[in-house]
Amino acid sequence: MNKTRISIVCPVYKEEEVIENFYSEVVSSEKNSNYSIVKFIFVIDPSKDRTFEILKKIADRDDKVEVILLSRRFGHQNSLFCGIQQVKNSDATIMMDSDLQHPPSIINELVKSFNKGFDIVNTKRVFSKDVSFFNKLTSNFFYKIFRKITKLPLQQYAADFRLISETVRIKIINNFSENKIFLRGIISWIGYEQTFIEYKANERANGLSKFNTWTRLIFGLNSIFNFSAFPIILCIYFGIMVSMLAFLIGIFHITIFFLFDSIPSGWTTLVTLLTFFSGVIIFFLGIIGRYISLIFEEVKNRPLYIIKNHINKDN
């Protein structure tokens, strides 16, 4: 029986301590499996460590390893998109991180599900002990909010560790080019036959996570802005509520004005207007401004990434 041909796409940033172990484990996982690895595609967000040098040496001894060095940091999602655009001669593509928290040992299970007819095989993370209660709580909150306001069936604790068929890969690279790309949302939105496999995230072998609380917050907000106009709708309701509050405050101060002569002239008007304009207009401008900034990024039509160096590129 012919084995399923797959390409492995990995975004990489500051992984000098673990990248060689990752490569070795993926190679080992291919033995006695139902798949054959056609290509490893490593897309490097540049950093000052030795990640590029290590991958270059691996590519020198293994022509299946394709190394792409971007001209600057374009981010995790853009790196993934860059990688899947380079895939050739594969039945399916697997996206995974290179820090060994996405265990290579379950690649075989992803391919089995693909061979059963699923175009997309997602993974669902079961948290390891090194994940803090705060990260679990915020992650749970994000997925619930995202599903509620976008109406997309994004799986709880979904990860950017998945298999997509060649059909889905072609649809993604031909039809999606937004600047702030969010592949988890696109995968949920695009449809096709999907399933998911649970996995336990390994503890990091070396180094620290590159996603801190601030990075996660920005990532989550961009994801919501890209897939929903709910924040604008929220502004409308918030504006109505604050307007009602301003109206009640106005009535209260008018009453006080007629009951107590000590209230300075103009105080009622001042308090009412400040409450209204501070609570509504500034909040509106912030939300609308964010959407305008996203439009501004899109209409410039800049590339999602720029490749500085490409090793073992297929012609």
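**Notebook: burial, helix α1 and a surface patch**

I began with burial in this predicted model, and found that 47% of the 315 residues in the protein chain are buried. For the accessible surface of the protein chain I noted about 17,000 Å², with carbon and sulfur atoms holding 60% of that area.

Next I looked up the secondary structure, which for the protein chain amounts to 10 helices and 8 strands. I then turned to the contacts in the protein chain with a separation of 6 or more, and recorded that 80% of them join residues 24 or more positions apart.

Which residues of helix α1 are buried? In α1, spanning residues 19-29, I listed I19, F22, Y23, V26 and S29 as buried. These residues lie on the same side of α1, because the arc they cover around the axis is only 130°. I also checked what covers the buried residues of α1, and the elements I wrote down include the strands β1 (4-12), β2 (35-44) and β3 (65-70), together with the helices α2 (51-61) and α4 (107-115).

My last entry concerns the surface, where L273, F277, I281 and L285 form a nonpolar patch whose accessible area comes to about 370 Å² together. I located L273 in helix α10, which runs over residues 267-299. Is L273 buried, partly exposed or exposed? I entered L273 as partly exposed, because its relative accessibility is 42%, and that class lies between the cut-offs of 20% for buried and 50% for exposed.

Definitions and conventions:
Residues are numbered from 1 along each chain as its sequence is written. This is a predicted model: local features need pLDDT of at least 70, side-chain atom pairs count only at pLDDT 80 or more; totals for chains, interfaces and linings use all residues. Side-chain values use heavy atoms; hydrogens and water are left out. Buried means under 20% relative accessible area, exposed over 50%, partly exposed in between (1.4 Å probe, protein chains only). Helices (H or I, at least four residues) and strands (E, at least two) are DSSP runs, numbered from the N terminus. The arc is that of the directions from the helix axis to the C-beta atoms. Contact means heavy atoms within 4.5 Å. Patches are made of residues with over 30% relative accessible area and no salt bridge: like charges are joined within 9 Å, nonpolar side chains (Val, Leu, Ile, Met, Phe, Trp, Tyr) within 5 Å. Accessible areas come from the Shrake-Rupley method with a 1.4 Å probe; for residues, only the protein chains shown count as cover. A salt bridge is a side-chain nitrogen of Lys or Arg within 4 Å of a carboxyl oxygen of Asp or Glu.
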